[in-house]
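Hi,

Here is the structure I promised to pass on. Have a look at it first, and then read on for what turned up.

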Amino acid sequence: MKSRYDIVVVGGGLGGLTAANRLARAGRSVLLVEQHTQLGGLATYFHRKGHIFDVALHGFPVGMKKSLRKYWGSRFAEQVIQVKSIRFHNPQYRLESTFDTADFSRKMEEEFKIPRETVRAFFAAVANMNYYDDQTMTTREFFQKFFPGRTDVWRFLMEPITYANGSTLNEPAISYGIVFGNFMSEGVYTFLGGTDRMLQMMREELANNGVEIALGTQAEKVLVDGGRVRGVLLNGQAVSCEAVVSNGSLFLTAFELAGTEMLSAEYAEGLKAVRPSTSSCQVYLGIKKGEKIPFIGDLVFHSTHPVFDADALCAPKISSRTFSVYYPEIRPGSDEYAIVASMNARFQNWDGLTPEQYRSAKDALVEDALNTVEEYVPGIRRLVDYTCAATPRTFQRYTGHVNGATFGTKFEGLRFSQELPSQVPGLFHTGSVGIIMSGWLGAANYGVIVANEVDKYLSTRQ
Ligand SMILES: Cc1cc2nc3c(=O)[nH]c(=O)nc-3n(C[C@H](O)[C@H](O)[C@H](O)COP(=O)(O)OP(=O)(O)OC[C@H]3O[C@@H](n4cnc5c(N)ncnc54)[C@H](O)[C@@H]3O)c2cc1C
């Protein structure tokens, strides 16, 4: 590590990685520090007992292909492949979709008997939404306008988005529309080779562009002098820089990395009122070497809950989960099968458990997941030789996100993320705020937006 860089990027999630690459390509000297021993943040993977598990690779919108090509290079875009079989099994319907506008429209007409003009009007309204629109209409009101009382249709349109980011019917329709519109345009995609392959490629690209990476390095404090950022304290060591881009929790970035004393009372109060997003639980099932499971779909949205209910999706008593099934084709040359079950969750339901309670609650998660998979793969217990579970506490521990938030903050956090440099000149935040700037695509794109701001800031200073 040198004693001086133009920029220190704090955090190697997709926002931080993409910002670092963009700034290095613009000719800036960049140090990227990550507290964990591995890059990726929430978009990571882990090895256990001969298995490899992807944590957050269930699917992303087609826009990620374009972003990867533009900000990382065409060899990244070439790895992006479509997730073709997305299944929905719940008490209201049972169907399979490729999750694109044409197929969704067909399903709405044929399965749900919605008139073609209404379906078209709905998709046109989604396509015309933009961030600067009216933000007072809720998603509930939006659905009510097009599909009054049709809770089965609401579930079809909303449940996958809620699984992905915890949003509810009470949030601004615009935040739903943008995410849904992104996903719906051309289906759901994944990265051939898995998260490990992508992160390895990113490391190589960053090295080629001159980014220095320090793993196991915690940023403790941003050093401010003369009203602007002059450096950052890393594992107790001061490193000089002109700007810091923090990819960590917005709350910790503002209140700890900068410090409340650096913020106006109005900004600090406003940020305290921002709601963190909900978190997740996951169950990882590794299939024995040499064993196979039949094709049961790539993504299976399974629920026993009678209707769509965002609160029930987060409840400790689990009635809904998404299964991502990883067949050997995702990692060419391997013969590995794995299943990852994901559930929405609230940190409060996991915090404060005794070690025994925590262990038995995790065991129950695994049992529940196995019982449900049994419906699709009879005898699954004989085929599985490794199981484990992650909870909101796990996500908090590995990424530092307050309450293990999967998407940082709710919608209102974006303003505070964008306004941080006006509070502490030279300190920027990227990644995981609101629904729009989260997920693989949102985080990577926000990394670029913020990198451009940093570049402008540095240019005006010179
Ligand atoms: C279970 C789960 C499933 C998901 N599935 C999908 C999916 O299928 N598709 C999709 O698009 N999205 C998915 N997501 C969401 C997506 O993974 C995230 O929105 C995205 O990866 C967040 O990127 P980020 O840039 O905000 O950084 P983060 O991933 O939040 O990473 C921040 C990094 O900063 C580091 N850091 C924080 N503070 C410091 C510090 N002081 N010093 C040094 N390092 C620090 C952390 O250790 C971390 O590595 C999922 C998320 C979860 C949890």
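Before anything else, a word on strands: two of them count as paired if DSSP finds at least two bridges between them. With that in hand, take Pro-61, which stands opposite Val-188 in strand S9. Keep in mind throughout that this is a predicted model.

**The small open sheet**

Pro-61 belongs to a pairing in which 2 bridges join S5 to S9 (residues 188-191), with the two strands running antiparallel. Those strands are part of an open sheet of 3 strands, in the order S5-S9-S6, and the pairing is antiparallel. Why do S5 and S6 each have one side without a neighbour in the sheet? S5 (60-61) and S6 (80-83) stand at the edges and have a single partner strand each, so one side of each is left free of a neighbour there.

**Strand S7 and its two partners**

S7 (residues 86-90) is a nice one to look at in the viewer. In general, side chains in a regular strand alternate between the two faces of the sheet. In S7, Ile-86, Phe-88 and Asn-90 make up the covered face, while Arg-87 and His-89 are on the uncovered one.

Which strands does S7 pair with? One is S8 (residues 93-97), joined to S7 by 5 bridges and running antiparallel to it. S7 and S8 form a hairpin, with 2 residues between them. The other is S15 (residues 299-303), which runs parallel to S7 and is joined to it by 4 bridges. Phe-88 is a handy marker for both pairings: it stands opposite Leu-95 in S8, and its bridge partner in S15 is Phe-301.

**Strand S1 and the nonpolar core**

Now go to the start of the chain. S1 (residues 4-10) is mostly covered, with 5 of its 7 residues buried. S1 also has a parallel pairing with S13 (residues 237-246), through 6 bridges, and Arg-4 stands opposite Ser-240 there. Another parallel pairing, of 4 bridges, joins S1 to S2. In that one, Val-8 has Leu-31 as its bridge partner.

Val-8 comes up again in the largest nonpolar core, which has 136 residues. The residues with the most contacts inside that core are Ile-7, Val-8, Ala-20, Val-30, Val-244 and Val-245. What does Val-244 touch, if you leave aside its neighbours within four places in sequence? Its contacts are Val-8, Val-10, Val-222, Val-229, Val-232, Gly-426 and Leu-427.

**Domains**

The domain assignment splits the chain into domain 1 (4-44 + 194-275 + 402-461), domain 2 (100-186) and domain 3 (282-399). The centres of domain 1 and domain 3, taken over C-alpha atoms, are 31 Å apart. Where these two touch, domain 1 puts in 7 residues and domain 3 puts in 9 residues. On the domain 1 side, the residues in contact comprise 1 nonpolar, 6 polar and no charged.

**Around the ligand**

There are 39 residues around the ligand, and the ones that come nearest are Gly-11, Gly-13, Gly-15, Gly-41 and Gly-248. By type, the shell breaks down into 14 nonpolar, 24 polar and 1 charged. Domain 1 and domain 3 each supply at least three of the shell's residues. As for individual elements, H1 (14-25), S2 (30-34), S14 (279-287), H15 (392-399) and H17 (439-461) each give at least two residues to the shell.

**Two residues to click on**

Buried or exposed: which is Phe-180? Phe-180 has 22 C-beta neighbours inside 10 Å, and the cut-off for buried is 20 or more, so Phe-180 counts as buried. You will find Phe-180 in helix H8 (residues 173-186). Not counting residues up to four places away in sequence, Phe-180 touches Val-126, Leu-157 and Ile-161. Ala-127 is 53 residues away from Phe-180 along the chain, yet their C-alpha atoms are separated by 9.4 Å.

Ser-459, in helix H17, makes a good contrast. Ser-459 counts as exposed, because it has 9 C-beta neighbours inside 10 Å. From Ser-459 to Pro-172 is 36 Å, C-alpha to C-alpha, and the two are 287 residues apart in sequence.

Over to you!

Definitions and conventions. Residues are numbered from 1 along each chain as its sequence is written. This is a predicted model: local features need pLDDT of at least 70, side-chain atom pairs count only at pLDDT 80 or more; totals for chains, interfaces and linings use all residues. A residue is near a molecule or strand if its C-beta atom, placed from the backbone, lies within 6 Å of it. Ala, Val, Leu, Ile, Met, Phe, Trp, Tyr, Cys and Pro count as nonpolar, Asp, Glu, Lys and Arg as charged, and the others, Gly among them, as polar. Domain bounds come from an automatic or database domain assignment. A residue is buried if 20 or more other C-beta atoms lie within 10 Å of its own, exposed if 12 or fewer, and partly exposed in between; C-beta atoms are placed from the backbone. A nonpolar core is a set of buried Ala, Val, Leu, Ile, Met, Phe, Trp, Tyr and Cys residues joined through C-beta atoms within 7 Å.
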